[in-house]
Structure formats: C-alpha cells, structure tokens
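Please look through the sequence and the three-dimensional structure below, and keep both in view while reading the explanation that follows.

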Amino acid sequence: MADIKAADVMKLRKSSGAGMMDCKKALIEAEGDFDKAVDVLRKRGQKMAAKRADRESSEGAAIAVVNESNTAGVSIVLGCETDFVGKNDDFVALAKELAAHALNYNTKEEFLASQFGGVSVADKLVEQTGVVGEKLEINDFSRVEAPFVGSYIHVGNKIASLVGLSKVIDDADSLSRDIAMQVASMGATSLSYKDFDAAFVAAETEARIAAIEKDNIELGRLGKTLKNVPQFISKSQLTEEVLAKAEEAAKAELTAEGKPEKIWDRILPGKMERFVSDNTTLDQEQCLLDQNFIKDEKKTVADYVAGFDVEVVAFSRVTLG
C-alpha cells in the first residue's frame, strides 16, 4: 500500500472539494498517484450522477455577477436536490465561482462546454455530484449587456436579477439596484406593454374575463360582491377611440348623478385614471415599467425612472424551482 501523506489528502481536497476520507480512499485506490485519484473521484461522480439523473434539482443558489466595468452581467441557478445542500457554504461558493466564470460566455451551452478547473463545467458538475451526493445542474442562465448593468440577489440566494440602463449616470448603481429588486420581487416578464404580441393579449383577455365570470357565478350564489369584469387588460388595447368612449360614459354618469358641468374637470381625471387602472391588469402584473414601484406604490416604476436622465433597456430574472 502506498504511503498516503496528509499533505496529499489536503491537496486533493482543495482541488476537488471532496471530504477528507473520500480523498484518502481515492488516493489509496490510486496508489498515491494524484492524477489517478482525481480520476477516481470523477468516476464516482459519474456513477452518482447516473443514479440520480431522474431526481429533481429544484433547490440551490441563484447568483448574479457583473463585470468590473458594469457593462455586462450574468445570472445563473446552480441547482441541487435539497435546501440543506443549497445553503451549504461550499456549495454557495461553487455557485459564485461558476457565475464569475460564466461572465466570459454568451450562452448556457458555451458556458457548460467551457473549461473550469481543468475540466468542462458540465463535467465539473458531474464530479461535484459525487462529492455532494446530490444531482447538480445549471437550471438557468441569463446574460444582460448595456451601458450600465446592475444586479440584486434576494436573501437566501433564491432569486437573482439583472437590470440594464441606457447610459451611465451618477445614481446608476442605486437606481439599477432598486429596479433589480423590483424585478426580483414582482416577477415582470416584459419591459413594457408595447412589447406584447396582439394575439397574446387577445387570448389572455378572453381567458381572464371567462375566469372572472366563472368566479362571479359562485360569488352570486353565496350572495357576495361580484368582481369587476374588465373590458380590456392592457394599455395596448386602450386606443384613442376606446378612451373617448370611456370619457363619454363617465360624463353620462356624472349627468345622471346630477353633478354640475363646472366641476367635471375635477372629477373626470380620477374616473379616467380608475378606468385605465381597471383595464390594464395584465400590464400591472407583467410589465416592469407599468408595475407599482415597491418602494413607493403611489408611483409606477416608469414614474420612478422618469426622475433620472436614463432609461431601463433590459432586465432578467432567475429563480429556484
């Protein structure tokens, strides 16, 4: 039997991340040959990965990193099987190392094929599966490039987000962090209602109205207040003609209520604001700029950004699960 020195075990542990006893056993099996011991650990990882291939990797760590010039950012999700492993310091450290490495690549495929510690990232994940004892994989990968990119990681590494601004300004760091926090918290899928496909909006309108009408049947049966059934769900549907008809309807309502015309100019803006709010629920849920700003719900995100000489041009969000 080869003489296995403690220094060799420590060297292999530092290189692989495996436990002390696993490293010692690998060195014994490899008769003290360091490179062969690394290969032993890798093969163990392959066997473990094959056994756990059908497992869910819905836990883990979502990490976002930005380059030194703040012109590019990458966010990844390193997935594992359990919350216990996902919170482990070594696991989180690996996720951060991988995210920093991912900054050099544009796609998940390029990233997985790239060299990391002498092996491809894909092989490194297999190797670490043997070390950790759980299935590891990159569940998400997103890249944002812009004149200024900021990031945010939610407490516990559950969600990570990136935001791109149109130019560098004095408050770029704090502004981008605020908007990235908004992205993480509220889960927008589009920047603006202008990005929606008309067919999608039409189908979503039909589905939402049908769902509300179904709910109202049950609410009516129970004698409860019925939900408002909107005519529309997005600003993309609120044409000048639609808004003009809404204003005429509001004026007719004021007439029926006996309100004198001389005070209509004080009442109509509020009624029209309510009409727009009631008929843009899709925008409020899915469009970043149309959402209520989490730090001041009296403003939309667009209102908040308007206070700066800059525009939000891109964003991304990755999350566990």
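In this predicted model, helix H12 (281–286) is among the elements that cover the buried residues of helix H9. The residues of H9 that are buried are Val201, Thr205, Arg208, Ile209, Ile212, Asn216 and Leu219. Helix H9 itself takes in residues 198–221, and because each residue of a helix is expected to add 1.5 Å, its 24 residues should span 34 Å, which agrees with the 35 Å found between its end C-alpha atoms.

The two ends of H9 can be looked at in turn. At the N-terminal end, aspartate 197 acts as a cap, with a side-chain oxygen placed 3.1 Å from the backbone nitrogen of alanine 199. Just after the helix, glycine 223 adopts a positive phi of about 75 degrees.

The beginning of H9 also leads to the subject of aromatic rings, of which the structure holds 4 pairs. In one of these pairs, the ring centres of phenylalanine 196 and phenylalanine 200 are 5.5 Å apart and the ring planes make an angle of 45 degrees, so this pair is classed as tilted. Phenylalanine 196 has a relative accessible area of 12% and is therefore buried, whereas phenylalanine 200, with a relative accessible area of 32%, is partly exposed.

Another pair is formed by phenylalanine 293 and tyrosine 304, whose ring centres lie 4.2 Å apart with their planes at 15 degrees, so this pair counts as stacked. Since phenylalanine 293 belongs to strand E8 (residues 292–293) and tyrosine 304 to helix H13 (residues 301–305), the pair ties together parts that are 11 residues apart in sequence. Phenylalanine 293 is buried, with 3% relative accessibility, and tyrosine 304 is buried as well, with a relative accessible area of 14%. Ring pairs also bring in Phe308, so that Phe293, Tyr304 and Phe308 are linked into a cluster.

Which residues does glutamine 182 contact, once its neighbours within four places in sequence are left aside? They are Gly187, Leu288, Gln291, Asn292, Phe293, Ile294 and Val301, and the list thus includes Phe293, the residue whose ring is stacked with that of tyrosine 304. Glutamine 182 lies in helix H8 (residues 172–186), and its relative accessible area of 0% means that it is buried, the cut-off for this term being under 20%. Its side chain reaches the backbone oxygen of asparagine 292 at 3.1 Å, while a polar atom of that side chain also lies 2.9 Å from the backbone nitrogen of isoleucine 294.

A further part of the model to examine is a pair of strands. Strand E6 (residues 148–153) and strand E7 (residues 159–165) run antiparallel and are joined by 6 bridges, and in one of the pairings tyrosine 152 has serine 161 of E7 as its bridge partner. The two strands form a hairpin with 5 residues between them, and in the turn glycine 156 has a positive phi of about 85 degrees.

Finally, an unreviewed UniProt entry carries the annotation "domain: Translation elongation factor EFTs/EF1B dimerisation", which covers residues 76–214 and 230–321. Over residues 76–214 the chain is 49% helix and 22% strand, with the end C-alpha atoms of the span lying 40 Å apart. Residues 230–321 are 47% helix and 16% strand, and the end C-alpha atoms of this span are 33 Å apart.

How values were computed:
Residues are numbered from 1 along each chain as its sequence is written. This is a predicted model: local features need pLDDT of at least 70, side-chain atom pairs count only at pLDDT 80 or more; totals for chains, interfaces and linings use all residues. Side-chain values use heavy atoms; hydrogens and water are left out. Helices (H or I, at least four residues) and strands (E, at least two) are DSSP runs, numbered from the N terminus. The expected span of a helix is 1.5 Å times one less than its number of residues. Buried means under 20% relative accessible area, exposed over 50%, partly exposed in between (1.4 Å probe, protein chains only). Contact means heavy atoms within 4.5 Å. A polar contact is a pair of N or O atoms within 3.5 Å; within protein, one must be able to donate a hydrogen and the other to accept it, and residues adjacent in sequence count only if both atoms are side-chain atoms. UniProt positions are given in the numbering used here, feature names are shortened, and annotations may be inferred rather than shown by experiment. Two strands pair if DSSP finds at least two bridges between them. Rings of Phe, Tyr and Trp (its six-membered ring) pair if their centres lie within 6.5 Å; planes under 30 degrees apart count as stacked, over 60 as edge-to-face and the rest as tilted.
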